[in-house]
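Hi,

Here is the structure I promised to pass on. Have a look at it first, and my notes follow underneath.

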Amino acid sequence: MTDDTTACPFARFPNAAIFEDYGRAALRAFPVRPGGKEPAIKGWKKLASSAPEVLARLFTSPDQNVAIVVEGDLLVVDCDGPEGMGWFRSRWTDDSRVDTA
């Protein structure tokens, strides 16, 4: 019998696919305390990574939230839950623009 976490280091996480998505997009992630937005690790700016093997070490609990380091021209919209996503999708289209000036 094999340990499922060997095949996928994130198998113990309910939303494991998101780690792989972050890796493919080269987004550096780090763990956040459950139910909050406070980093769960010291030195998160340096430790944040898109490498699956590093993320598997940083994330120690499936209850931890996931945060990403915002770099470059990346725009982050934090939509909590289905209601928040519904609101966002009703207002954002492929033609939407963000004024950063």
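Let me start with Glu20, which sits in helix α2. With a relative accessibility of 37%, Glu20 counts as partly exposed, because that value falls between the 20% and 50% cut-offs. Its C-alpha lies 8.8 Å from that of Ala51, although the two are 31 residues apart in sequence. Please keep in mind throughout that this is a predicted model.

Now the overall layout. The chain holds five helices and two strands, and from the N terminus the order reads α-α-β-α-α-β-α. Of its 101 residues, 24% are buried. The chain exposes about 7600 Å², with carbon and sulfur atoms supplying 52% of that area. If you take the contacts with a separation of 6 or more, 54% of them are between residues 24 or more positions apart.

Next, the inside. As a rule, nonpolar side chains in soluble globular proteins tend to be buried together. Here the largest nonpolar core has 14 residues, and Phe30, Leu55, Leu58 and Phe59 touch the most other members. Helix α2 (17-24), strand β1 (29-32) and helix α4 (52-58) each give at least two residues to this core. Which residues does Leu58 contact, leaving aside neighbours within four places in sequence? They are Ala29, Pro31, Ile41, Leu47, Ala48 and Gln64.

That last name deserves a paragraph of its own. Gln64 lies in the loop between α4 and β2, yet Gln64 counts as buried, because its relative accessibility of 12% is under the 20% cut-off. The side chain of Gln64 reaches the backbone nitrogen of Thr60 at 3.0 Å. Not counting residues up to four places away in sequence, Gln64 also touches Pro31, Val32, Pro34, Ala40, Leu58 and Phe59. Two of the names in that list, Leu58 and Phe59, are also among the core residues that touch the most other members.

Asp63 is found in the loop between α4 and β2 (65-68) as well. Is Asp63 buried or exposed? Asp63 is exposed, since its relative accessible area of 54% is over the 50% cut-off. The C-alpha atoms of Asp63 and Val32 are separated by 9.2 Å, with their positions 31 residues apart along the chain.

One backbone detail to look at is Ala26, in the loop between α2 and β1. Most residues other than glycine have a negative phi. Ala26 is not a glycine, but has a positive phi of about 60 degrees. Ala26 also counts as exposed, because 53% relative accessibility is over the 50% cut-off.

Finally, the largest pocket. About 550 Å³ of space lies in it. The elements that give two or more residues to its lining are α2, β2 and α5 (81-91). The lining has 18 residues, and those nearest the centre of the pocket are Tyr22, Val66, Ala67, Val76 and Asp78. Which element supplies the largest share of the lining? That is β2, with four residues.

That's what I have for now. Shout if you would like to go through any of it together.

Cheers

Note on methods. Residues are numbered from 1 along each chain as its sequence is written. This is a predicted model: local features need pLDDT of at least 70, side-chain atom pairs count only at pLDDT 80 or more; totals for chains, interfaces and linings use all residues. Side-chain values use heavy atoms; hydrogens and water are left out. A nonpolar core is a set of buried Ala, Val, Leu, Ile, Met, Phe, Trp, Tyr and Cys residues joined through side-chain atoms within 4.5 Å. Buried means under 20% relative accessible area, exposed over 50%, partly exposed in between (1.4 Å probe, protein chains only). Contact means heavy atoms within 4.5 Å. Accessible areas come from the Shrake-Rupley method with a 1.4 Å probe; for residues, only the protein chains shown count as cover. A polar contact is a pair of N or O atoms within 3.5 Å; within protein, one must be able to donate a hydrogen and the other to accept it, and residues adjacent in sequence count only if both atoms are side-chain atoms. On a 1 Å grid over the protein atoms alone, a cavity is a set of points where a 1.4 Å probe fits but cannot get out, and a pocket is an open set with protein on both sides within 12 Å along at least five of seven lines; lining residues have an atom within 4 Å of a point. Grid points are joined across faces, edges and corners, and a volume is the space filled by probe spheres set on the points.
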